[in-house]
Amino acid sequence: MEENNIKGALQNARDAYDDLFSLWLPYYTDIKQDEFALHKTLLYIMTTLEDTNIYYRKGIQRAKQVQKEAKELLENFSCFALEKMNKDYIKDNVSPGGAADMLSLTLFIESLL
């Protein structure tokens, strides 16, 4: 998906997953001892990834709002707020599936190092 200059999965692959290696992997590596490292890394990915799953389902405005909400939650992390975000996103059919895929890939690459 190159619509509106939004990089899709194919373009991310063509770019050799630059954000994975320059942002997400170092972030996860730095905090992996934190009991909420996976949750926080997912949120971090959500702040930087143009998640086409959200763009397709909900549009550009909602996708940008999701990035903002993830950033705010990451800055003031709490399990309660995370659970609320999860419930709200389920209710509104917001699925950061691309971010979840990138979290999986980040963990896989980290396991190889």
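Contact here means heavy atoms within 4.5 Å. The model is predicted. This briefing covers helix H6, residues 79–92, and Glu110, which lies in helix H7, residues 97–112.

**Helix H6: length and end**
- With 14 residues at 1.5 Å a residue, H6 should span 20 Å, and its end C-alpha atoms are 20 Å apart, so the expected and modelled spans agree.
- Asn93, just after H6, has a positive phi of about 60°.

**Helix H6: buried and exposed sides**
- The buried residues of H6 include Leu82, Met85 and Tyr89.
- Viewed down the helix axis, the buried residues of H6 fall within an arc of 60°, so they line one face of the helix.
- Helix H3 (37–48) and helix H5 (60–75) are among the elements that cover these buried residues.
- Phe80, Lys87, Ile90 and Lys91 are exposed, on the other side of H6.

**Glu110 in helix H7**
- Glu110 has a relative accessibility of 17%; because buried means under 20% relative accessible area, Glu110 counts as buried.
- The side chain of Glu110 makes a polar contact of 2.6 Å with the side chain of Lys32.
- Apart from neighbours within four places in sequence, Glu110 is in contact with Leu25, Tyr28, Thr29 and Lys32.
- Lys32 thus appears both in the list of contacts of Glu110 and as the side-chain partner in the polar contact of 2.6 Å.

Terms used: Residues are numbered from 1 along each chain as its sequence is written. This is a predicted model: local features need pLDDT of at least 70, side-chain atom pairs count only at pLDDT 80 or more; totals for chains, interfaces and linings use all residues. Side-chain values use heavy atoms; hydrogens and water are left out. Helices (H or I, at least four residues) and strands (E, at least two) are DSSP runs, numbered from the N terminus. The expected span of a helix is 1.5 Å times one less than its number of residues. Buried means under 20% relative accessible area, exposed over 50%, partly exposed in between (1.4 Å probe, protein chains only). The arc is that of the directions from the helix axis to the C-beta atoms. A polar contact is a pair of N or O atoms within 3.5 Å; within protein, one must be able to donate a hydrogen and the other to accept it, and residues adjacent in sequence count only if both atoms are side-chain atoms.
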